[in-house]
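Colleague: I'd love a close look at one part of this model, if you have a moment. Here is what I have open.

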Amino acid sequence: MAYRVIRGLVRLLLWLFYRRIDVVGRERIPERGGVIIAANHHNSVVDAMLIIATVPRTVTVLANAPLFRHPLIGPPLRMMGAVPVHRRAEAGDDPSKNEEMFAAAIAALHGGGVILIFPEGRTQPQPILLPLRTGAARLALGAERAMGSIGRVTVLPVGMVFHDPGTFRSASVQITIGSPVETADLVAAHPERPEEAVRAITARLTESIGARIVEAQDQYSLELLAVLERAWWEEAVRRGEPEPAPGQAREQALAWKQRVMRAGRYLAAREPHRVAALRRKIEVYRSHLDEVGITSEQLGRPYTARLVVSYVATNVLWLALGLPLACWGIVSHAVPYWLTAEEEATDKMAVGLVIYPLLWVIEVWLVRSLAGRGALLLFVVLIVPSGLSALMWRERLGRFVRQARAFVWFVTDRGLHRGLLDERRALVAELRDLADRVPAEVLESDRASDAR
């Protein structure tokens, strides 16, 4: 019951914070049996929250021991049955601390449970995969040995790619669940060559997770790659190329980004000036779109008088009708929103988990003291809907203002639309020309050979 309550709250917090959460490969999660979910670790506690919200089964989280002492994060971890992991600096000379962790995790797997582990060993803000530690492999081999059979524990790689990860209602994430890592042959070889089996499983897991993320030198480079991707696919549609099937679009987009990054690393060592010039062009194109207030997808659409009038009338009516409830929601939640506005994603959720309920309690007391039970009942009924209404109203207002600004730009500067389209075509043409200089084997290489 505690797990279901916390998972429900986690899903609500993620829905509020993230503009979009895409999950690819959910059907690969086994319905039963022991499962080790091994994921990249980019966004602190939020990474575990995303897995808990995504996986329909109960997940036992292996979390760093200091988190259990955190006043906000610790209690939910204990309620969910999370298992503390003591890093070498924390365990000191007492190896029994992590022996207890391994025993608890193996027991959970033996009972058909799901274990979540971040094999990099620590979170880090850059979109890269750090060298994996051997904990996931040792867990898999230990559980198989405890159960006395081969192939009963599934090692499931998961990759998470974030866009604007720390920004409220702008952040998005794609969670890609891969096919299980093959371990049966190494489980059989483990008794005779234990360390070799551990290293081989870790290497396979590294490849599997790396194949489901996009690695870049920093988050800003990843944001520029997203701009280039949208321009590429919009130009593909304009040329009449077939669009990806609905169920394959996200996986194809991930593969496209990986190929571009591999090509970029290859060319940066051979033609750094051209790669730098392309990066500058992407930055300029992005700044032009931001200045006008439109997205790449909106280029090429006809802005007829009928379309503009319909858009303005619909949004003005919606904003007017939603204004009273939105204003009440803004007033009721202004203080906690202001207090958490500058925090990182994890801190916003953790602090908000305490501040928002605390404010509601204070407001309930004030309303009852000043206005009586009738007003109190109305306040309680409206407190959550008004907050959600304020959130949606504010987002729609932002979209409306940006679109109105775009209308004004296109009306006052007739050549602007055509100029942006030409800029996008030139950008994609330059990318195609650079891609022709990259050997096919580089574009299709795996993570390990790419690193060489």
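Is Trp365 buried or exposed? And please take me through the surroundings, then on to the sheet.

Modeller: Happy to! Keep in mind that this is a predicted model. Trp365 is exposed, because its relative accessible area is 57% and the cut-off for that class is over 50%. The residue belongs to helix α13, which covers residues 345–412. Trp365 also helps to make a nonpolar surface patch of about 570 Å², together with Leu358, Ile362, Leu366 and Leu370.

Now to the sheet. Its 7 strands form an open arrangement in the order β1-β7-β6-β2-β5-β3-β4, and the pairing is mixed. At the edges are β1 and β4 (83–85), each of which pairs on one side only. From one strand to the next, the twist averages 25 degrees.

Within that order, have a look at β2 and β6. Strand β6 spans residues 153–163, runs parallel to β2 and is joined to it by 6 bridges. If you want a place to start tracing this pair, Gly34 stands opposite Val153 in β6. As a general reminder, strands of a sheet pair through backbone hydrogen bonds, in either a parallel or an antiparallel way.

One more stop is the loop between β1 (20–24) and β2 (34–39), where you will find Glu31. Glu31 counts as exposed because its relative accessibility is 70%. Measuring from C-alpha to C-alpha, Glu31 and Ala184 are 20 Å apart in space, while 153 residues separate them in sequence.

Definitions and conventions
Residues are numbered from 1 along each chain as its sequence is written. This is a predicted model: local features need pLDDT of at least 70, side-chain atom pairs count only at pLDDT 80 or more; totals for chains, interfaces and linings use all residues. Side-chain values use heavy atoms; hydrogens and water are left out. Helices (H or I, at least four residues) and strands (E, at least two) are DSSP runs, numbered from the N terminus. Buried means under 20% relative accessible area, exposed over 50%, partly exposed in between (1.4 Å probe, protein chains only). Two strands pair if DSSP finds at least two bridges between them. Axes are lines fitted to C-alpha atoms, for helices over the stretch in contact, and angles run from 0 to 180 degrees between N-to-C directions. Patches are made of residues with over 30% relative accessible area and no salt bridge: like charges are joined within 9 Å, nonpolar side chains (Val, Leu, Ile, Met, Phe, Trp, Tyr) within 5 Å. Accessible areas come from the Shrake-Rupley method with a 1.4 Å probe; for residues, only the protein chains shown count as cover. A salt bridge is a side-chain nitrogen of Lys or Arg within 4 Å of a carboxyl oxygen of Asp or Glu.
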